[in-house]
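Here are a few notes on two of the helices, jotted down while going through the model. Have a look at the structure first, then read on.

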Amino acid sequence: MTPAVIFMLHREILNWLKETGPKMLEALWREADAARRAFVGDDVHLRGLIEISNHCARQCAYCGLRAGNVKLERYRMTEKEILGCANDAADYGYGTVVLQAGEDFGISAEWLAGIVKRIKSETGLAVTLSMGERPYEDLALWREAGADRYLLRFETSDAELYGRIHPPLPDRETDRIAILRELRKLGYEIGSGVMVGIPGQTLESLADDIMLFSELDLDMIGVGPFIAHPGTPLGGGGYELALPAEDQVPATEEMVCKVIALARLACPEANIPSTTALATLNRDYGRELGLMRGANVVMPNLTPVEYRAKYEIYPSKVCIYETADACRSCINNRIVSIGRQVGAGAGGRRRAGAIAV
Ligand code: SAH
């Protein structure tokens, strides 16, 4: 049997991140695709994304939901609306719903726990939460209510850069890696990831990020390009933070695909989405490229159309005018067009090592 972990050294990862030769890159895509097939198979799991609130207490320099973006009209979905979307997910055959929001303390831990319980009992779907850096008691309560997974990207493992782009709240430290470890102890499947091409990000630190994916033994890894939002400090591209061009990680499709491929090789059993941000860079076939270079998950959007444009973490996001039904058929067609199939069931992390092919 193939070993469950393909060990990669920092040096090897860095060399791949620097590689530009088309033939060599073809070899990387092939290797990542083979590891994806051997470890997680040809099924593409669909996670229905519900963006339940765009209120946010934080001032992240990259994100359009930041509290300081006063131009953004804020919304918070009702329990009834969220349950309606979860029922749509079940009707569409999705195995999981992902509830995501800004860091919104207007969402009480008890209220969300009640919703998680109802989704679990009324639909049986797996529930993933992505609510930012909430206190331990909230995370524990949601886990007790039945939440299965939690997504919290560490964004970059470069502590100095992270401090500049993700300031802490006045009364609290920000240590996402510590929170991920707590989530693991609480019994969640844990997901994390990074943005590629943050102004000030170096290839060395990006290689560190991939090593950290493996060290944390992540169950899910989300990777997308940084996309400048004009309502944020990094909106002009953040060039005041930028490094000399030769050191700065470019926020390109090719670099994102390299990180997806290397994440697959470093963490072969992980569930890795082909992200909306990648599809925003390449509207024609960004989704397919991610799926062909290591990814095995897609997150179709279930958020009611009236709220979608308001969940503007970055501008020009794809699919903001499509209905949930349109997203579903578009994504289905894309999966079938590359010879893959939609997976049934919740599609959780499998730890069985390579599957027989
Ligand atoms: N409040 C939650 C969810 C944030 S949105 C949290 O902080 O975890 C989910 C992800 O979108 C973030 O983790 C970040 O990686 C990504 N994101 C935010 N702004 C972005 C931008 N300008 N470009 C690309 N990705 C961005």
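The points below take the two helices in turn.

1. First, a reminder that this is a predicted model. Helix H3 covers residues 79-92, which makes 14 residues. From first C-alpha to last, H3 reaches 20 Å, close to the 20 Å expected at 1.5 Å a residue.

2. Which residues of H3 are buried? They are Ile82, Leu83, Cys85, Ala86 and Ala89. Looking down the axis of H3, you'll find these buried residues within an arc of 160°, so they line one face of the helix.

3. Turn H3 around and the face away from its buried side carries Lys80 and Asp91, both exposed. As for what covers the buried residues of H3, the cover includes strand E1 (43-53), strand E2 (96-101) and helix H4 (109-123).

4. Keep an eye on the backbone just after H3: Gly93 has a positive phi there, about 85°.

5. On to helix H8, residues 203-215. Its 13 residues should span 18 Å at 1.5 Å a residue, and the end C-alpha atoms are indeed 18 Å apart, so the two agree.

6. The buried list for H8 runs Leu203, Ser205, Leu206, Ala207, Asp209, Ile210, Leu212 and Phe213. What do the buried residues of H8 pack against? Their partners are helix H1 (10-18), helix H7 (176-185), strand E5 (189-196), strand E6 (220-225) and helix H9 (253-266).

7. One more phi to check: Asp217, which follows H8, has a positive value near 50°.

Notes
Residues numbered from 1 in each chain as written. Predicted model: local features only at pLDDT ≥ 70, side-chain atom pairs only at ≥ 80, totals over all residues. Heavy atoms only, no water. Helix = DSSP H or I, 4+ residues; strand = E, 2+ residues; numbered from the N terminus. Expected span 1.5 Å × (residues − 1). Buried < 20%, exposed > 50% of the residue type's maximum accessible area, 1.4 Å probe, protein only. Arc of directions from axis to C-beta. Contact = heavy atoms within 4.5 Å.
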